[in-house]
Amino acid sequence: MFNTALVLETAGLVLVAYLAGCGLGYGLRAMIHAGRGTRSVPVAAPAPVVRLETRPAPQQLQRPRSPAARLAARVDEPLQPAKLVVAKPATTRSGALSSPRGGVADDLKQIKGIGPKIEASLNGMGYYHLDQIALWSRGDAEFVEDKLAFKGRVRRERWVEQASELLKKAAA
Amino acid sequence: MDLDSALYLIGFYWPYLLGAASIGLVVGWRSFTPPGA
């Protein structure tokens, strides 16, 4: 009635089917992802950030400590409406551009450690070309690390050196 | 396991094998981490 060999064979087949599915799923996603990575995605220029300008209240409007002082305090100046100012986008960072030169950005994914998401973030910060990265100072690298929330990654993965090497290879 | 018995088992238990393969597909898909993510 209970055939051990049959049960083992069936379990083996189920295991093989499961492992084949694992490999297929992993490979399929890797393949789709690789295809996505080679496509050139147009990157929009960073949108200007609107910040609210705040100013300290005039002396007359600050709340006096004692009731007598509060009575004595007179509000002469009318409240000023808050001013809307357009903050400059991050393109003022050294070497950053508002758009890629000639409208075509370099493939920053050539640098090991930069994936599609980081590339899009760098484009958003105004970095489109390998020569921009090759010219990063320590301060620029720290600025990018702060923006990407990857502390020490630029130096650990040697992005600046990699960019220089890629440029040298391209020039040769 | 000889070929005949394997074919017999596949023919009989194919829905179970399909289920196992589907689970494997989902597990494999989710275990892939895109570079740079």
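## Exercises on a predicted two-chain model

**Exercise 1.** Which residues of the largest nonpolar core touch the most other members?

*Solution.* Keep in mind that you're working with a predicted model. The largest nonpolar core has 16 residues, and those touching the most other members are A:Ile111, A:Leu122, A:Tyr127, A:Ile133, A:Trp159 and A:Ala163. Next, sort the core by element: helix 3, helix 4 (130–134) and helix 7 (159–171) of chain A each give two or more residues to it. Helix 3 of chain A is the top contributor, with 3 residues. Now zoom in on one member. Skipping residues up to four places away in sequence, A:Tyr127 touches A:Ala96, A:Leu122, A:Gln132 and A:Ile133.

**Exercise 2.** Work out how helix 3 of chain A packs against helix 5 of chain A.

*Solution.* Two numbers do the job here, since two packed helices are described by the angle between their axes and the distance between the axes. For helix 3 and helix 5 (residues 138–148) of chain A, the axes come within 11 Å and cross at roughly 120°. That angle falls outside the 65 to 115 degree window for roughly perpendicular and isn't over 145, so helix 3 and helix 5 of chain A are oblique to each other. As for handedness, helix 3 of chain A passes helix 5 of chain A in a right-handed crossing. Then list who meets whom: A:Ile118, A:Ser121 and A:Met125 from helix 3 of chain A meet A:Val144, A:Lys147 and A:Leu148 from helix 5 of chain A. By type, the residues of this contact split into 4 nonpolar, 1 polar and 1 charged.

**Exercise 3.** Is A:Val154 buried or exposed?

*Solution.* First locate the residue: A:Val154 sits in helix 6 of chain A. Then count neighbours. A:Val154 has 23 C-beta neighbours inside 10 Å, and the cut-off for buried is 20 or more, so A:Val154 counts as buried. Who's around it? Leaving out neighbours within four places in sequence, A:Val154 is in contact with A:Ala141, A:Val144, A:Glu145 and A:Trp159. Take the pair A:Val154 and A:Ala141: they're 13 residues apart in sequence and 6.2 Å apart in space, C-alpha to C-alpha.

**Exercise 4.** What is the phi of A:Arg158, and where does this residue lie?

*Solution.* The phi of A:Arg158 is positive, about 55°, although the residue is not a glycine. A:Arg158 lies in the loop between helix 6 (153–156) and helix 7 of chain A. For exposure, run the neighbour count again: A:Arg158 has 14 C-beta neighbours inside 10 Å, so it counts as partly exposed.

**Exercise 5.** Describe the side of chain A that touches chain B.

*Solution.* Start with the head count: 23 residues of chain A are in contact with 23 residues of chain B. Helix 1 (4–38) and helix 3 (116–125) of chain A each supply at least two residues of that side of chain A. The largest share, 18 residues, comes from helix 1 of chain A. Sorted by type, this side of chain A holds 14 nonpolar, 6 polar and 3 charged residues.

**Exercise 6.** How many helices and strands does chain A have?

*Solution.* Chain A has 7 helices and 2 strands. In sequence order, they run α-β-α-β-α-α-α-α-α. To round off the picture, buried residues are 15% of the 172 in chain A. Finally, look at contacts in chain A between residues at least 6 apart in sequence: 69% of them join residues at least 24 apart.

Key: Residues are numbered from 1 along each chain as its sequence is written. Chains are lettered from A and ligands numbered from 1 in the order in which they are written. This is a predicted model: local features need pLDDT of at least 70, side-chain atom pairs count only at pLDDT 80 or more; totals for chains, interfaces and linings use all residues. Two residues are in contact if their C-beta atoms, placed from the backbone, lie within 7 Å. Helices (H or I, at least four residues) and strands (E, at least two) are DSSP runs, numbered from the N terminus. Ala, Val, Leu, Ile, Met, Phe, Trp, Tyr, Cys and Pro count as nonpolar, Asp, Glu, Lys and Arg as charged, and the others, Gly among them, as polar. A residue is buried if 20 or more other C-beta atoms lie within 10 Å of its own, exposed if 12 or fewer, and partly exposed in between; C-beta atoms are placed from the backbone. Axes are lines fitted to C-alpha atoms, for helices over the stretch in contact, and angles run from 0 to 180 degrees between N-to-C directions. Angles under 35 degrees count as roughly parallel, over 145 as roughly antiparallel, 65 to 115 as roughly perpendicular and the rest as oblique. A crossing is left-handed if the near helix is turned anticlockwise from the far one by less than a right angle, and right-handed if clockwise. A nonpolar core is a set of buried Ala, Val, Leu, Ile, Met, Phe, Trp, Tyr and Cys residues joined through C-beta atoms within 7 Å.
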